[in-house]
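Open the model in your viewer and keep the selection box at hand. The stops below go from the whole chain to single residues.

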Amino acid sequence: MKKCNQITPHLFGTDGIRGKYGEGLTREMAYRLGRYIGFNTTGKRNYIVIGRDTRYSGSLLLSALVEGITKSGSNVYDLGVTSTPSVSYLINKRKYTYGIMISASHNPYTDNGIKVFSSTGSKISEDLEVEIEQYIEKEKDDLEIKKFAHAGKLVPSSKVKEEYVQFLKSYLTSDLKGIRLLLDLANGSASAIAPAFFATLGAEVTFINDQPDGKNINLNAGSTHLEGIVTKMKEGHFDLGFAFDGDADRVMCINRDGEVIDGDKILFILAKALKAQNKLVGNAIVITKMSNIGLLKALEKEHIDVITTDVGDKYVQRSLKEHGYILGGEQSGHIIQYDKLETGDGFLTMVALLNEYVRLGHNFDEVLKEITIYPQLMLNYRLKDKNSIVLENEKVKKIIEENENLLDGEGRIFIRKSGTEPLIRIMCEAKTLELCEKICQNIYRVIESEE
């Protein structure tokens with residue numbers, strides 16, 4: 001396969017190819033992707049494991065991928081409905097050539113996505129993403145189609161998920177007997193993992209949003225819609241809650257009083273615990289530009305160093321690998337424990353938090369007193385043109401600068417184009433929520449008028 005240095009992928013965002021099914025992401029695109037990664041120039045077979053979340057279009061994209069891969073002479077191992085991190089784990093453990101996850105994560109059911117992993121369980125390189133894109137966009141499908149005797153085959157492999165469940169359990173070092181847990185499974189991938197994981201652990205577990213129908217994934221549920229689980233936690237029947245996203249690579253934790261423990265707070269809890277045990281490699285963690293100033297200040301008090309990356313788990317992952325660190329993540333609850341798995345894993349994060357929860361005497365209150373989160377507001381502007389360069393507009397630059405002066409060093413503004421949707425995300429942190437709202441609206445109005 002050819003080298004594509006210094007060309008930026010445009011179909012692949014920060015988390016694979018994603019779009020509305022049938023428009024931004026089609027069966028033909030999936031077929032072409034399968035054809036390319038299924039083709040081995042040496043004539044040997046590739047071995048490709050595929051999982052998917054619960055949205056109805058997942059099986060349609062799966063059939064197109066399988067057709068493309070097998071026509072190129074390679075085998076497909078179908079895990080069925082599973083989580084993104086389980087695919088990453090099983091690639092490495094079972095020595096597959098590639099892994100694919102069909103999911104649009106926290107997006108609505110009308111969207112879908114295709115994430116491609118290398119043989120190590122990491123996201124594939126940008127060079128390979130560009131190669132795949134160039135093949136998808138070719139006018140003619142010019143790879144050899146293998147004759148029947150040399151075509152690949154489809155191998156149902158749903159039982160292999162049990163190996164991943166055992167992997168998770170191997171890191172649970174605490175007794176959960178009697179702990180009352182509430183889990184929001186987002187009607188997504190977590191619904192295929194959580195019951196098996198908790199079956200014999202002794203915790204009293206209640207599941208909500210655990211009946212996927214192909215269309216209700218993330219619908220007023222999961223880590224991006226916390227209202228339901230927060231309300232139930234406030235009723236006082238549970239000790240701790242966890243809310244997953246659609247493909248279960250993210251999780252939010254909820255305290256018994258309904259307080260949301262987001263990714264920033266999770267990182268602080270885990271970093272502090274690792275340092276206390278002399279296990280925080282390099283005395284540092286990796287965060288993104290979206291992390292709250294409050295996390296930075298709390299880590300500074302603990303004398304823990306920070307590496308900051310662009311937004312996106314692949315950048316966190318890349319930095320962890322580069323520096324040899326073991327903990328990093330995003331405010332959204334995408335936490336990577338690199339010494340255990342090379343990608344973010346909501347279940348693995350939950351296991352680490354449960355271990356620490358028990359060690360601290362079934363209470364996070366004391367450690368959470370040490371981190372003060374600044375009020376933060378995110379406003380999304382939907383672009384009329386996904387290729388818009390409105391952020392380069394001089395009036396937009398000027399309004400951003402003027403509002404940064406309003407903060408006077410006590411807060412920050414961060415604006416970026418989404419890597420997965422046609423949005424500009426306008427984020428502000430300030431001493432008060434009112435000031436956040438004022439600044440976000442100021443910038444939003446100018447972007448709207450200038451696009």
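**Whole chain**

Start with everything shown as a cartoon. This is a predicted model, and its 451 residues have a radius of gyration of 22 Å, which agrees with the value near 22 Å expected for a compact globule of that length. Along the principal axes, the C-alpha atoms fill a box of roughly 65 × 60 × 40 Å. Colour by secondary structure and you should find 14 helices and 19 strands.

Of the 451 residues, 57% are buried. Among contacts between residues at least 6 apart in sequence, 72% join residues at least 24 apart. Now switch on the surface: about 19,300 Å² is exposed, and carbon and sulfur atoms supply 49% of that area. If you colour by charge, there are 58 positive and 63 negative side chains, with the centres of the two sets 5 Å apart.

**The largest nonpolar core**

Hide the surface and select F242, F244, F347 and F364. These residues have the most contacts inside the largest nonpolar core, a set of 65 residues. Next select helix α11, residues 346-359, which gives this core its largest share, eight residues. In soluble globular proteins, nonpolar side chains tend to be buried together.

Centre on F244 and show what surrounds the ring. Beyond four places in sequence, F244 touches L183, D184, L185, A186, A190, G222, S223, R250, V251, G346, F347 and M350.

A second core, separate from this one, has 31 residues; select I17, Y21, I102 and I132 to find part of it.

**A186 and N187**

One of the contacts of F244 is A186, so go there next. A186 sits in the loop between β8 (180-184) and α6 (194-198). Its relative accessible area is 0%, which makes A186 buried. Check the backbone: A186 is not a glycine, yet has a positive phi of about 60 degrees.

Step one residue along to N187, in the loop between β8 and α6. N187 also counts as buried, at 5% relative accessibility. Phi of N187 is near 50 degrees, again a positive value in a residue other than glycine. Most residues other than glycine have a negative phi.

**Helix α4**

Select residues 126-136, which form α4. How many of the eleven residues of α4 are buried? Nine are, and the helix is mostly covered. The buried ones are D127, L128, E129, V130, E131, I132, E133, Y135 and I136. I132 belongs to the second core visited above.

To see what lies over these residues, add β1 (12-13), β2 (16-20), α1 (27-38), β5 (98-102) and α10 (313-323), which are among the elements covering them.

**K146**

Follow the chain out of α4 into the loop that leads to β7 (154-156), where K146 is found. Leaving aside neighbours within four places in sequence, K146 is in contact with F39, K71, S72, G73 and A151. Draw a distance from K146 to S74: the two are 72 residues apart in sequence, and their C-alpha atoms are 9.5 Å apart.

**D78**

Select strand β4, residues 75-81, and pick out D78. Is D78 buried or exposed? D78 is buried, because its relative accessible area is 16%, under the 20% cut-off. Show the residues that D78 touches beyond four places in sequence: I50, R52, L62, L154, V155, P156, S157 and S158.

**Y56**

Move to the loop between β3 (47-52) and α2 (57-71), where Y56 is placed. With a relative accessible area of 39%, Y56 is partly exposed. Contacts of Y56 outside its sequence neighbourhood of four places are Y21, Y109 and G214; Y21 is one of the residues in the second core. For a longer jump along the chain, select N216, which is 160 residues from Y56 in sequence and 9.7 Å from it in space, C-alpha to C-alpha.

**G411**

The last stop is G411, in the loop between α13 (394-407) and β18 (412-417). G411 counts as buried at 17% relative accessibility. Not counting residues up to four places away, G411 touches I293, E429 and A430. Finish with C436, 25 residues from G411 along the chain, where the C-alpha separation is 9.2 Å.

Key:
Residues numbered from 1 in each chain as written. Predicted model: local features only at pLDDT ≥ 70, side-chain atom pairs only at ≥ 80, totals over all residues. Heavy atoms only, no water. Core = buried A, V, L, I, M, F, W, Y, C linked by side-chain atoms within 4.5 Å. Buried < 20%, exposed > 50% of the residue type's maximum accessible area, 1.4 Å probe, protein only. Helix = DSSP H or I, 4+ residues; strand = E, 2+ residues; numbered from the N terminus. Contact = heavy atoms within 4.5 Å. Rg over C-alpha atoms; globule rule 2.2 N^0.38 Å. Areas by Shrake-Rupley, 256 points an atom, 1.4 Å probe, with all protein chains shown as cover. Lys, Arg positive; Asp, Glu negative; His and termini not counted. Charge placed at Lys NZ, Arg CZ, Asp CG, Glu CD.
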